[in-house]
Amino acid sequence: MQQKKLAVVAVGGNALIRANDQVGLDQQYDAVAETARHVAELIAAGWRVVLTHGNGPQVGFILRRSELASGEVPTVPLEYAVGDTQGAIGFMFQNALGNELHRRGLQDTKVVAMVTQTLIDRHDPAFSHPDKPIGAHMDQALAERLAAQQGWQIAEDAGRGWRRVVASPAPLGIVETPTIKALLDQEVLVIACGGGGIPVVREADGTLQAAQAVIDKDRASALLATQLQADMLLIPTGVERVAIHFGTPQQRWLDTLSLAEATQLQADGHFGAGSMGPKVEAMLSYLAGCPDGVGLITNPESMGKAVSGQAGTRFLGR
């Protein structure tokens with residue numbers, strides 16, 4: 001029997017928070033449940049799926065709670081906060097996807113959330129230039145006050161407010177890829193690379209040591225999709241398609257881009273570093289390693305139509 005095609009679906013951590021006043025865990029679960037319905041459509045259409053997710057706001061909340069309680073309980077190092085979010089968000093998706101598949105009569109597809117480690121270089125230049133946003137958006141005055149109090153580095157985030165920033169080194173390998181492959185062969189929907197994975201460095205004796213950093217979820221997802229030789233990398237986001245000259249009178253929506261076209265538009269600065277840029281970069285990385293694959297960027301509700309070519313922006317390696 002021919003093996004089913006494989007899709008890596010990379011859901012952003014911000015997608016779990018639909019508004020600044022909807023940050024509670026129950027509200028985040030409701031957002032996860034909505035996304036789960038769209039992911040289940042892929043399973044129903046015959047795809048195998050690995051789901052990855054971001055954790056920027058959620059890891060920031062954990063660190064802030066830790067700082068506020070620092071006089072009462074031990075603080076949480078960054079790498080452990082990433083692990084915490086892999087468990088919590090992984091549970092949300094595992095539960096919501098399992099329930100949705102049950103409702104659709106697709107109980108044969110089991111769901112597993114896996115704590116995932118991502119290999120990095122301890123000498124990555126990102127450690128000298130932190131730029132990865134975590135935590136909630138704030139106005140500049142509050143961000144500056146917390147930065148002074150907590151020793152944070154902060155930056156403005158694509159016109160949406162100010163956030164804490166930390167180092168985000170490039171992912172070099174997903175440690176658990178062989179286990180993920182084995183689970184896929186058993187028709188398991190795997191939730192992996194939460195928050196880009198827990199960053200680790202390899203010591204001279206071959207052991208792994210956690211590092212104080214966070215990995216960009218889209219970069220890690222592209223790397224995992226390449227290591228798995230996935231047929232598709234799908235990145236749900238806040239818009240139905242990618243545009244150039246976004247938000248201007250010259251705005252133009254893009255339906256299909258070749259690898260060469262997308263590379264040129266990226267080089268010309270059409271995709272912002274704090275918005276669409278990392279997603280397009282992830283597509284370029286994935287297609288360089290999987291030239292026969294397809295990349296898709298669309299909003300969650302259009303995922304099914306995008307897969308069939310009726311929505312979204314499609315990236316082609318050939």
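In the predicted model, Glu 176 is in contact with Met 114, Val 115, Thr 116 and Gln 117, once its neighbours within four places in sequence are left aside. Glu 176 itself is found in the loop between strand S8 (173-174) and helix H5 (177-185), and its side chain reaches the backbone nitrogen of Gln 117 at 2.7 Å. Although Glu 176 is buried, it has no salt bridge, and the nearest side chain of opposite charge, that of Arg 202, is 9.0 Å away; because a salt bridge requires the nitrogen and oxygen atoms to be within 4 Å, Arg 202 does not serve as such a partner for Glu 176.

Helix H3 covers residues 78-103, and its 26 residues, at 1.5 Å a residue, should span 38 Å, which agrees with the 37 Å that separates its end C-alpha atoms. Just after H3, Gly 105 takes a positive phi of about 75 degrees. Leu 78, which lies in helix H3, has a relative accessible area of 7% and is therefore counted as buried, the limit for this class being under 20%. Not counting residues up to four places away in sequence, Leu 78 touches Val 59, Leu 63, Val 166, Gln 212, Ala 213 and Val 214. The C-alpha atom of Leu 78 is also separated by 9.9 Å from that of Pro 199, although these two residues are 121 residues apart along the chain.

The count of salt bridges comes to 13. One of them is formed by Lys 4 and Glu 187, whose closest N and O atoms are 3.4 Å apart. This pair links distant parts of the chain, since Lys 4 belongs to the segment before strand S1 (6-11) and Glu 187 to the loop between H5 and strand S9 (188-192), 183 residues apart. Lys 4, at 35% relative accessibility, counts as partly exposed, and Glu 187, with a relative accessible area of 32%, is partly exposed as well.

A salt bridge is also formed by Asp 218 with Lys 217, with the closest N and O atoms 2.6 Å apart; Asp 218 is buried at a relative accessible area of 4%, and Lys 217 is buried at 8%. In a further pair, Glu 281 and Arg 219 have their closest N and O atoms 2.9 Å apart. Glu 281 lies in helix H8 (residues 277-289) and Arg 219 in helix H6 (residues 217-228), so this salt bridge ties together parts that are 62 residues apart in sequence. Glu 281 counts as partly exposed at 33% relative accessibility, as does Arg 219 with a relative accessible area of 29%. Finally, Arg 64, Glu 67 and Arg 164 are joined into one network by salt bridges that share partners.

Note on methods:
Residues numbered from 1 in each chain as written. Predicted model: local features only at pLDDT ≥ 70, side-chain atom pairs only at ≥ 80, totals over all residues. Heavy atoms only, no water. Helix = DSSP H or I, 4+ residues; strand = E, 2+ residues; numbered from the N terminus. Expected span 1.5 Å × (residues − 1). Buried < 20%, exposed > 50% of the residue type's maximum accessible area, 1.4 Å probe, protein only. Lys, Arg positive; Asp, Glu negative; His and termini not counted. Polar contact = N/O pair within 3.5 Å; in protein donor to acceptor, adjacent residues only side chain to side chain. Contact = heavy atoms within 4.5 Å.
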